[in-house]
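Biologist: Hi! I'm new to this one, so could you walk me through it?

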Amino acid sequence: MIPYAGIDLAAYETLKDMSKTYILHDSEPGPLVQLGCGTVSAAFGASCVYPLQVIRTRMQAQRSNSAAAYKGMSDVFWRTLQNEVIEVSTKDSSQIFSRLCHLQA
């Protein structure tokens, strides 16, 4: 949760400052600009943190006495990368981004 909040806040402030400088020419951003900055920063933060959430969830959900149990975070990462990176990233991230856009509105 903490990495997401930090990335989201940093991205939001950066986008807001960039919009002030380059688009609005030093005037204050209105609600639509703030909404756009919030939506983009939330999507960016979620896409950065999502791989860590997958690793954490898989380690929590595994059976510890199983022969196929993960040995650590790097083992989860490499197995997921080798076996199912395309399915996980496209299926789950689209659901997350649709929720984020709905929450921002």
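A first look around

Modeller: Sure, let's start with helix α1, which spans residues 2-23 and includes Y22; helices here are DSSP runs (H or I, at least four residues), numbered from the N terminus. This is a predicted model, where local features need pLDDT of at least 70, side-chain atom pairs count only at pLDDT 80 or more, and totals for chains, interfaces and linings use all residues. Residues are numbered from 1 along each chain as its sequence is written, and side-chain values use heavy atoms, leaving out hydrogens and water.

Biologist: Is Y22 buried or exposed?
Modeller: Y22 is exposed, at 62% relative accessible area. Buried means under 20%, exposed over 50%, and partly exposed in between (1.4 Å probe, protein chains only).

Biologist: New topic: how many aromatic pairs does the structure hold?
Modeller: One. F77 and W78 pair edge-to-face, 5.1 Å centre to centre with 75° between the planes. Ring centres of Phe, Tyr and Trp (its six-membered ring) must lie within 6.5 Å; planes under 30 degrees apart are stacked, over 60 edge-to-face, and the rest tilted.

Biologist: And how accessible is F77?
Modeller: F77 is partly exposed at 37% relative accessible area, and W78 is partly exposed too, at 46%.

Biologist: How many disulfides are there?
Modeller: Zero, where a disulfide means two cysteine sulfur atoms within 2.5 Å.

Biologist: What about C37, buried or exposed?
Modeller: C37 is buried, with a relative accessible area of 7%, whereas C48 is partly exposed at 34%.

Key: Helix = DSSP H or I, 4+ residues; strand = E, 2+ residues; numbered from the N terminus.
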